[in-house]
Amino acid sequence: MERKFLKTHEWYCEKCNKIGISDYAQHELGDIVYVELPSVGDPVEAGKAFGNVESVKGVSEVFSPVSGTVAEVNTDLESQPELINQAPYDAWMIKVTPSAPAEGLLSEEEYQKLIAK
Amino acid sequence: MKTIFEKSVPGRQALSLPECDVPLYQLSPELLREKPLRFPEVAEIDLVRHYTALSKRAYGVDDGFYPLGSCTMKYNPKLNEEAANLPGFTGIHPLQEQKTLQGALKLMYTLGAKLAEITGMDQITLQPAAGAHGEYTALQLIRAYHLDHGNPQRNKIIVPDSAHGTNPASAAMNDYITVNIPSGPDGCVDLEALKAAVGEDTAALMLTNPNTVGIFDKNIRQIAQIVHDAGGLLYYDGANLNPIMGLIRPGDMGYDVVHLNLHKTFSTPHGGGGPGSGPVGCKAALAPYLPGPIVTEKDGVYSLTPGGDKSIGTVKTFYGNFLVMIKALAYIETLGAEGIRLAAQLAALNANYMMARLKGHFPAYSSDICMHEFVISCEKLKEEVGITALDFAKALIDRGIHPPTIYFPLIVHEALMFEPTETESKQTLDQACDTILELLREAKADPAAFKQHPVKMPIGRPDEVTAARKPILVYTPASS
Amino acid sequence: MSTYTPHTPSEIRSMLDTVGVKSLEDLYSGFEDLWTKNLNLPPGKSQMEVIRFFTELASQNKLFGSIFRGAGAYCHYIPSVIKSLVSREEFVTAYTPYQAEMSQGILQSIFEFQSMIADLTGMQVSNASLYDGSTALADAILMLREKKKNKVLLSSALHPRSLEVIKTYLTPLGIQIELIALEEGKTSISDLTAKLTEDVFAVAIAQTNYLGIIENAADIGQKVKANKSGFVMSVEPFACSFLKTPAACGADVVTGEGQPLGMPLSFGGPYLGFIGTTEKLTRKIPGRIVGKTHDASGKDAYVLTLQAREQHIRREKASSSICSNQAHCALTAAIYMAYAGKEGMRQVAVQSLSKAHYLAQEITRLPGFELQYKSEFFNEFVIKSQIPADIIINACAQENILAGLKLGEYQTLWCATEVNTREDIQKLIDVLKQIKA
């Protein structure tokens, strides 16, 4: 699966239109205890938050790499937020129907460089 | 330890009422509860043993040193409890006719006047139930003031990034947008950042002084000037009043409105998380918006006067946490002007003394003089041996000391924030410092063992991840 | 004067040396211009003088021999054991149980409190407490906010001060409030139906209501649900232990004033706000929540949980700013509920109900006194009299009786609980008779 990234540590698969958070992000957050996601049909906007992930002592917003509407939500995460810790690139959060192609995302290589800093 | 539900035996009951001396009345069955209560059935002795056992698994100021930063865990005088337990206070109904309540009303009036004097404010409401409730109420006053002055565009509250979380949360409850401004490394307001942040849309700046790092911000008058010139108001978060009470008044610093925490500064107990009391004081310009009723006095007669036309309304069913007010007034009466000043000074002395003894061993966030509290960091320890502020806190528990506040303020990494308060003796502080330094050596010598703390408590470190992922918030019998 | 500080002068000197300053004043150097010169407070007093001062103030309040007034603050019997247990210093002088390992006792007591509140209301989850019945009700309404709806309907028979608090809380947020009219002292279902529009996100009623009357809560719940609005019930705890549960009436959030559960009248506070709700709304609950988990060795352990909802983490995005709550009052209520137990709660409810009905019967036997409403009530009721309320109240006060609360010139709201004896009621009736004569 080819993935692109936002600087805020979200990944986006242009082929399947799925969005999640990176391995680096899940590691930094620690054990994720709750994921708050939008509903199917909600609009999302590139660079704007669409949900939250909570750890025991923290909460972080999750930003959308692309504009469009929510086509599907990974409901498994409601009862098993730990899936994000276990396999962040399988544990997609939402699937979107983009209204325009994503712009300005980082390639895998660029993202790896960013987090290596 | 078993829950009270697991100690239940069907048919047991502690409560015994007299025989009902009037005919029993029956409601029609369709109005009645569809399933019986599942409350525990225990005898009085079961109940006493259960709660006594629970109390032994708790730790209060009476048990030992409690340097929890920003919480001002000073000794809670027993005299205050006795005063608050007088039947003439506990037995009065909030809706009695006012002529039958003159003692209570005089008490509230007196407390209000004294708090106004201590804060340098013109008017006080005692209604808010806690600090955050006071903040909420004060922001309502600010909102009402700006609306009344034709400035609905003033919709932003500025808070330093070192502020308590209650500040932005209370602002949001009033539909305000929070603007965070960076603090300097000493937690003081960055004047340039403040100048850049204020404007036509500024409603107020919320600021503690001393700040959350325990430093007195000497620029306070300039800060007030900047905020006032922009048309905003200056709000005093009273969380840190203790080291300056009676010495420096928020009103004189240029603040327009304050909230106090009677359960911090004025020695009323925390009760395991409340009840507190969060009076709000304000300058005359904000007084018309105060919640009603307010106690007023005329010719020696005290009355509950409803809020005026411009009042924000009311924030509590009755008049506030009355019994807590009694305890605070008892404290002020006992100490008097000089005692209050001395208490403040000794709070600062105790914090500085502890800091002086510890700062060579930990990176301290200020090397200067602090006020009531100081912050040291475990960042270096974490880098060297992987011991975090949390690990250090848990080790202190095994030594019978309540840990300091950890991971706050957010601007300091691996923060340990100590507030010893004035009621601790030099011996207690010395012993605590010795223990802390000993633990520091232990942490470096055997970090793996250090991470096992606490081991002397009824439980080891709880699994908070499971608690949050699969919340169990009520008891369910094993059989169901 | 006592400062409760243990420092001797020589200790102060040696500590100042360690700090590296010469005097206590030096700790405040650099901002001398801000020092207060004259603090206008009297000098301190000895403890003996202080207690005398408060005893004198307390004596200026009138303690009534019997109380027939409720209206949000109720006189129930408080067993000695409650005061004894809640006075234990470990409970009184502890802070919020942030350090779970040394606070298991407090955490477990809160967990048990939550369990009893959930059971009482029939709901699935609860929290560690809120400020009082009114703020809890305002919080409950805010929990149900939805993006596209902006109106709440409030029963006119909510406690008038609760109505004010809700208005104060909702006004800055631009939420519209509409009141539902009453019929025979009950929330009018026809008025409710007429006002239930698409933009209503919550409807709130009290059970029993301010006038003491038992609402048709289940019918109201049905209407509210049919409109896809949230349903909030503010309950009196003894009524709640006895009447159809809010859960069975379709409530989404249940709140109440917990004062009747072992707290003295205390001129209105500290009291106790409680809340129960559905599992689905768990993360919308404001304030602290205790959860059960385990430690590494598998022992049961209790912790403050779901903290990422709260202000210290979520800051401006938190649903509420509440931090300190009414924990010690929650402890009091938990001990009371365990003391009364399953049967005792019902007995107090039955006696309160019976005494109130007896009281109403005796008062209305007198000429010129009648019940204002025909609806069924629990332990409070409104009397309409030919004699002005003020005269009734004054006459009773002279006989050391706190009469019902004046609601209108000729209307009074009366209350009875298990503590009012038949003899007390007879004495009251005699007083009322004499006014007539």
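Here is a walk through a small sheet in chain A and then the two domains of chain C. This is a predicted model, where local features need pLDDT of at least 70 and side-chain atom pairs count only at pLDDT 80 or more, while totals for chains, interfaces and linings use all residues. Residues are numbered from 1 along each chain as its sequence is written, chains are lettered from A in the order in which they are written, and side-chain values use heavy atoms, leaving out hydrogens and water.

Let's start with chain A. Three strands (DSSP runs of E, at least two residues, numbered from the N terminus) make an open, antiparallel sheet in the order β4-β6-β7. Pairing here takes at least two DSSP bridges between two strands. At the edges sit β4 (32-36) and β7 (58-63) of chain A, each pairing on one side only. Strand β6 (residues 49-55) of chain A is joined to β7(A) by six bridges, and G51(A) stands opposite V62(A).

Now over to chain C. An automatic or database domain assignment splits chain C into domain 1 (66-76 + 342-436) and domain 2 (80-336). Where they meet, 26 residues of domain 1 of chain C are in contact (heavy atoms within 4.5 Å) with 24 residues of domain 2 of chain C. Together the two domains bury about 2000 Å², 69% of it on carbon and sulfur atoms; that is accessible area (1.4 Å probe) lost on being put together, summed over both parts. M345(C), Y373(C) and F378(C) supply 29% of the area that domain 1 of chain C buries there, more than any other three residues.

There's also one salt bridge between these domains, meaning a Lys or Arg side-chain nitrogen within 4 Å of an Asp or Glu carboxyl oxygen. The side chains of K374(C) and E184(C) meet in a salt bridge at 3.8 Å, N to O.

Key:
Helix = DSSP H or I, 4+ residues; strand = E, 2+ residues; numbered from the N terminus.
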